[in-house]
Amino acid sequence: MKPISLIQFLIEERRAGHINAELSLLIEVVARACKRIAVATNKGALGDVLGMAGSPDAQSINVQGEAQKKLDVISNEILLEANAWGGHLAACASEEMEDPQQIPDMYPKGNHLLMFDPLDGSSNIDVNISVGTIFSVLRCPDGVTAPRVEHFLQPGTEQLAAGYVVYGPATVLVLTFGHGTHEFTLDREVGSFTLSRRNIRIPDETTEFAINMSNQRHWQAPMQRYIGELLAGTTGPRGKDFNMRWVASMVADVHRIVTRGGVFYYPLDAKIEQQGGKLRIMYEANPMAFIVEQAGGAATTGRRRIMELQPTGLHQRVPVFLGSKKEVELATHYHQEADDGRL
Ligand code: AHG
């Protein structure tokens, strides 16, 4: 079969009425920026891209209070620069910036809001483990010319598009417009993303889970119960053995799930209770939830569907349970049952 490029796919999606010309351009621009991030990431130690941003005396810290890696800063700049001038955006927001970034006055403005985590899993950069970019697209409310935080605070159900790129052994883009989830692999010789899987389906059942087990003693009772049952394997109530994987790059863990099924959990625990969770709703949880749901999986906070939450902050954090439907539903059921006082 003839390979289908991302551009060709976007034209087909336009013809099908799933996207308009501006959203198509936005995705092209983001994909092009991600190719540049892939190049920077692949250079490794030879490209002076490893290690921390800033100087040893004045380390660069982002809005989350996290020390920034050089590649966090480089990736953020690549995405900002690429998206500034095309006329497809009203504004954008990033994990690395406290406030939304306005489009410079000299460029035309569009009707879309773009949010991104420019380099997810940055603790893995220096050890040559897969990292990635996650993004989410919303419509800018009518009549708004200088979008503020409140204009970004739309539930995940309002997303027009979501995607991630994994910079791994291959560079892979996974994308949804709400009409299935599709995968594109970067053909380095040709320089273009090429459709590698259309309408991905995540199996309902799985025997593989991803969680940071070192937080176990801090988890709430329903999580202790649920993971305890998985660990008990054939000798426990589930009657089957489960395997565990944890890359610590959400993009890589989610990509495994959209490839062969599985579940990913970052639950609330006593250490992070105050901040509401670990992962950020606007540019991590919501786009991943959209992608996973469009592939037939489920995505909850352990209590509620992620995409139905009304966000209250640009950098708000939430617990994340996502992947194979039956497992996510069971883990969520245990939490709801405990909340109802039945446990
Ligand atoms: P960051 O992009 O700030 O490095 O965050 C990574 C996220 C996510 O990708 C991953 O699943 C999780 O944090 C890892 O958390 P632990 O360090 O607790 O394992």
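This report covers the overall fold, one helix and three single residues of a predicted model.

**Overall form**

The protein has 8 helices and 15 strands. Its C-alpha trace spans about 65 × 55 × 45 Å along the principal axes. A compact globule of 343 residues would have a radius of gyration near 20 Å, and the protein agrees because its own value is 20 Å. Of the 343 residues, 56% are buried. Among contacts with a separation of 6 or more, 64% join residues 24 or more positions apart.

The exposed surface comes to about 14,600 Å². Carbon and sulfur atoms supply 49% of that area. The protein carries 33 positive and 40 negative charges. The mean positions of the two sets are 4 Å apart.

**Helix α8**

Helix α8 runs over residues 325–339. Does its length fit or miss what 15 residues should give, and why? At 1.5 Å a residue the expected span is 21 Å; the end C-alpha atoms are 21 Å apart, so the two agree.

The buried residues of α8 are Glu327, Val328, Ala331, Thr332, Tyr334, His335 and Glu337. An α-helix has 3.6 residues a turn, so residues three or four places apart point the same way. Val328, Ala331, Thr332 and His335 are among the buried positions. Glutamates are on the list too: Glu327 and Glu337.

What do these buried residues pack against? Their partners are helix α5 (221–232) and the strands β11 (263–266), β13 (298–300) and β15 (320–323). After α8 comes Gly341, with a positive phi near 80°.

**Positive phi outside glycine**

Asn199 and Ala248 each have a positive phi in a residue other than glycine. The table sets out their loops and angles.

| Residue | Phi | Loop | Relative accessible area |
|---|---|---|---|
| Asn199 | near 50° | between β8 (192–197) and β9 (208–210) | 44% |
| Ala248 | near 75° | between β10 (243–244) and α6 (250–260) | 34% |

Asn199 counts as partly exposed because its relative accessible area is 44%. Ala248 is also partly exposed, at 34%.

**Tyr283**

Tyr283 sits in helix α7, residues 281–294. Is Tyr283 buried or exposed? Its relative accessibility is 0%, so Tyr283 counts as buried. The cut-off for buried is under 20%. Tyr283 and Ala248 are 35 residues apart in sequence. In space, their C-alpha atoms are 17 Å apart.

Definitions and conventions: Residues numbered from 1 in each chain as written. Predicted model: local features only at pLDDT ≥ 70, side-chain atom pairs only at ≥ 80, totals over all residues. Heavy atoms only, no water. Helix = DSSP H or I, 4+ residues; strand = E, 2+ residues; numbered from the N terminus. Expected span 1.5 Å × (residues − 1). Buried < 20%, exposed > 50% of the residue type's maximum accessible area, 1.4 Å probe, protein only. Contact = heavy atoms within 4.5 Å. Rg over C-alpha atoms; globule rule 2.2 N^0.38 Å. Areas by Shrake-Rupley, 256 points an atom, 1.4 Å probe, with all protein chains shown as cover. Lys, Arg positive; Asp, Glu negative; His and termini not counted. Charge placed at Lys NZ, Arg CZ, Asp CG, Glu CD.
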